[in-house]
Amino acid sequence: MTENSADCGADVRAVRPLRRDAERNRQRILKAAAEVFNERGLDVSLDEIARHAGVGVGTVYRRFRTKEELIEALFMDRLDSVATIADEAYANPDAWCGLVSFMERMAEIMAGDLGLRQILMFATYGRDLVAIARERNAPLVERLVERAQAAGQL
């Protein structure tokens, strides 16, 4: 098998939809990981996450080959949430209130999510994820700030 054919096989596997039970297990793992990471940080093992999810560790490894893959999956979900929060804030007719509500919600998220804080502040895991977060979120925040500035509120 050539190097390129191995890559193609990985791409095919990634786009094939999961069976319902496999997707349920994946969601259980993600939920458990989010809870454990939020409470105890990123130093927990995949074994601990499997126990918390009520699945075997082999099930975790079938969905996520490494803890970094699991962290990345959770992080990308968080980025989607940030975009939603920014859109909701932008929809506020008062530019200042929109900006303040965005900042308050983001502070709440950061305060309540130890794992996310560790990724963003210490880059122990997912150094590339921090760059992705900045690239994706900077325009959203800039849009809120510029709107408040244009309204003379900032």
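The exercises below work through the fold, one pocket and two residues of a predicted model.

Residues are numbered from 1 along each chain as its sequence is written, and side-chain values use heavy atoms, without hydrogens or water. Local features need pLDDT of at least 70 and side-chain atom pairs pLDDT 80 or more, while totals for chains, interfaces and linings use all residues.

**Exercise 1. Describe the chain as a whole.**

Step 1. Assign secondary structure: helices (H or I, at least four residues) and strands (E, at least two) are DSSP runs, numbered from the N terminus. The chain has eight helices and zero strands.

Step 2. Count burial, where buried means under 20% relative accessible area, exposed over 50% and partly exposed in between (1.4 Å probe, protein chains only). Of the 154 residues, 33% are buried.

Step 3. Take contacts, defined as heavy atoms within 4.5 Å. Of those between residues at least 6 apart in sequence, 68% join residues at least 24 apart.

**Exercise 2. Characterise the second largest pocket.**

Step 1. Define the pocket: on a 1 Å grid over the protein atoms alone, it is an open set of points where a 1.4 Å probe fits, with protein on both sides within 12 Å along at least five of seven lines; lining residues have an atom within 4 Å of a point. The volume, which is the space filled by probe spheres set on the points, is about 310 Å³.

Step 2. Identify the lining. It comprises 17 residues, of which Val82, Met106, Leu120, Ala133 and Asn137 are closest to the centre. Two or more residues each come from helix H5 (67-91), helix H6 (95-112), helix H7 (114-122) and helix H8 (127-150).

Step 3. Classify the lining residues. Ala, Val, Leu, Ile, Met, Phe, Trp, Tyr, Cys and Pro count as nonpolar, Asp, Glu, Lys and Arg as charged, and the others, Gly among them, as polar. The result is 13 nonpolar, two polar and two charged.

**Exercise 3. Establish the surroundings of Thr59 and Ala34.**

Step 1. Locate Thr59 in helix H4 (residues 57-63). Thr59 counts as buried because its relative accessible area is 14%.

Step 2. List its partners. Beyond neighbours within four places in sequence, Thr59 is in contact with Asn25 and Ile29.

Step 3. Locate Ala34 in helix H2 (residues 20-40). Its relative accessible area is 12%, so Ala34 is buried.

Step 4. Leaving out residues up to four places away in sequence, Ala34 touches Leu74 and Arg78. The C-alpha atoms of Ala34 and Leu114 are separated by 9.7 Å, with their positions 80 residues apart along the chain.
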